[in-house]
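Visitor: I would like a brisk tour of the sheets and one helix pair in this model. Please show it first.

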Amino acid sequence: MRYLTISEFGSFLGLSGAKLIVKDKNGNQWQTPLSRLRSIRIEKKGVSLSSDLLLSCASRGIRLYFCDWKGCSVATVQGDNQKGIVSIRQHQFEFCDSIKCVSLAVEIIKTKIKNQRAVLLYFGKYLKKSDLSLWELCSSSVSKLEQILSNVCEATIIERVELYRAEWQSVLLGIEGTCANIYWNTLINCHLLPKSFKLREGRGSTELTNAALNYGYSILESYVWSALDNTGLEIFKGIFHKNHPGRASLVMDFMEEYRAWVVDRNIIKLRFQLADAVQLDSNLKRAISESINDTMASKINWHGKNLKLENIMQRQAYKFAGCIIGETKYKGYKFKW
């Protein structure tokens, strides 16, 4: 258990030696060594914590995220020993305010599209066995994504900026939006999502599948936040997501390439459970949380090594930071389907 989520009203979190103690409102107790934890997400009001636990978490580098009713982090507690390095942030601000960041932004969006393609191919292999017409539809969408990918590079982005006198972020996000429409429409038309899902909606959506996706993204956000925070980067200074007060724009940037495989794929796997549900209750949240945590804990190939995805994400975050300060070239992680 690396990432703990508390979603029950009346829970208490305390400390016993080097162990975290969790008690629910009925007096039931559960414990785990602090050495096994990296973060704690608190998603419900009425949860209390001891000051001893806060001090121990701070000294061990365990982050505590306090979330609102949508599952989005609104407050973070971490130790003072995790402050960023000033020189890294100086490089970051210079990089993000220059045209040099276009190539990095293009790489992120291209990797996102590749991983959306991987999700379609992942479920397409099952459609091929059960319904050839749906498989052909899925295969056609994959071809469309591949065609767009073949035309996306830094040079074409700059060319379109000069042609239309637009900001390069808008041009790039327009390409991303086109691919997103192909991707989500394919999932709908191939019946890979519940019938209630008609359109992808962001935070605040009352439609159950959209709410489940948004909840899953909030969990992924915690993983990405931790990985980027460890690099010393300023998470509120984005590359292509524009800066807004209170929005961790760099987190939004970096998590793009993980959304489809880590969250969308798991929500699709839970589609029958979602179809039978009335609301996003604690049982459904637990199922989503466990499936995402299992994905992050699964071992996959990274440069010839079998590593947990959470460790791959951290290494990718360091490479991401290295690109920003001009030491390395960043290459996004493409999932194998």
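Visitor: In which sense do strand 2 and strand 6 pair?
Guide: This is a predicted model. Strand 2 covers residues 12–16. Over 2 bridges with strand 6, the sense is parallel.

Visitor: Which residue of strand 6 is the bridge partner of Leu-13?
Guide: Strand 6 spans 48–49. There, the bridge partner of Leu-13 is Leu-49.

Visitor: Which strands stand at the edges of the open sheet with strand order 4-3-2-6?
Guide: The sheet is open, has 4 strands and shows mixed pairing. An edge strand here has a single partner strand, so one side is left without a neighbour in the sheet. That holds for strand 4 (29–33) and strand 6.

Visitor: At about what angle does helix 1 run to strand 2?
Guide: Helix 1 covers residues 51–60. It lies across strand 2, strand 3 (19–23) and strand 6. Its angle to strand 2 is about 70°.

Visitor: What is the average twist in the open sheet with order 1-5-7-8?
Guide: This open sheet also has 4 strands, and its pairing is mixed. Strand 1 (3–6) and strand 8 (73–77) each have a single partner strand, so they stand at the edges with one side lacking a neighbour in the sheet. From one strand to the next, the twist averages 20°.

Visitor: Which residue in strand 8 stands opposite Tyr-65?
Guide: Strand 7 (residues 63–67) and strand 8 run antiparallel. They are joined by 4 bridges. Opposite Tyr-65 stands Thr-76.

Visitor: What angle does helix 7 make with strand 7?
Guide: Helix 7 covers residues 208–229 and packs on this sheet. It touches strand 1, strand 5 (39–42), strand 7 and strand 8. Between the directions of helix 7 and strand 7 lies an angle of about 150°.

Visitor: Are helix 8 and helix 10 parallel or oblique to each other?
Guide: The axes of helix 8 (residues 249–269) and helix 10 (residues 282–297) come within 10 Å. They cross at roughly 135°. Angles over 145 degrees count as roughly antiparallel, and 65 to 115 as roughly perpendicular. The crossing fits neither class, so the two helices are oblique.

Visitor: Is their crossing left-handed or right-handed?
Guide: Helix 8 contributes residues including Val-262, Val-263 and Ile-267 to the contact. Helix 10 meets them with residues including Ile-288, Ile-292 and Met-296. The contact residues divide into 6 nonpolar, 3 polar and 1 charged. The crossing of helix 8 and helix 10 is right-handed.

Terms used
Residues numbered from 1 in each chain as written. Predicted model: local features only at pLDDT ≥ 70, side-chain atom pairs only at ≥ 80, totals over all residues. Heavy atoms only, no water. Axes fitted to C-alpha atoms, helices over the stretch in contact; angles between N-to-C directions. Parallel < 35°, antiparallel > 145°, perpendicular 65-115°, else oblique. Left-handed = near helix turned anticlockwise from the far one by under 90°. Contact = heavy atoms within 4.5 Å. Nonpolar A, V, L, I, M, F, W, Y, C, P; charged D, E, K, R; others polar. Pairing = 2+ DSSP bridges.
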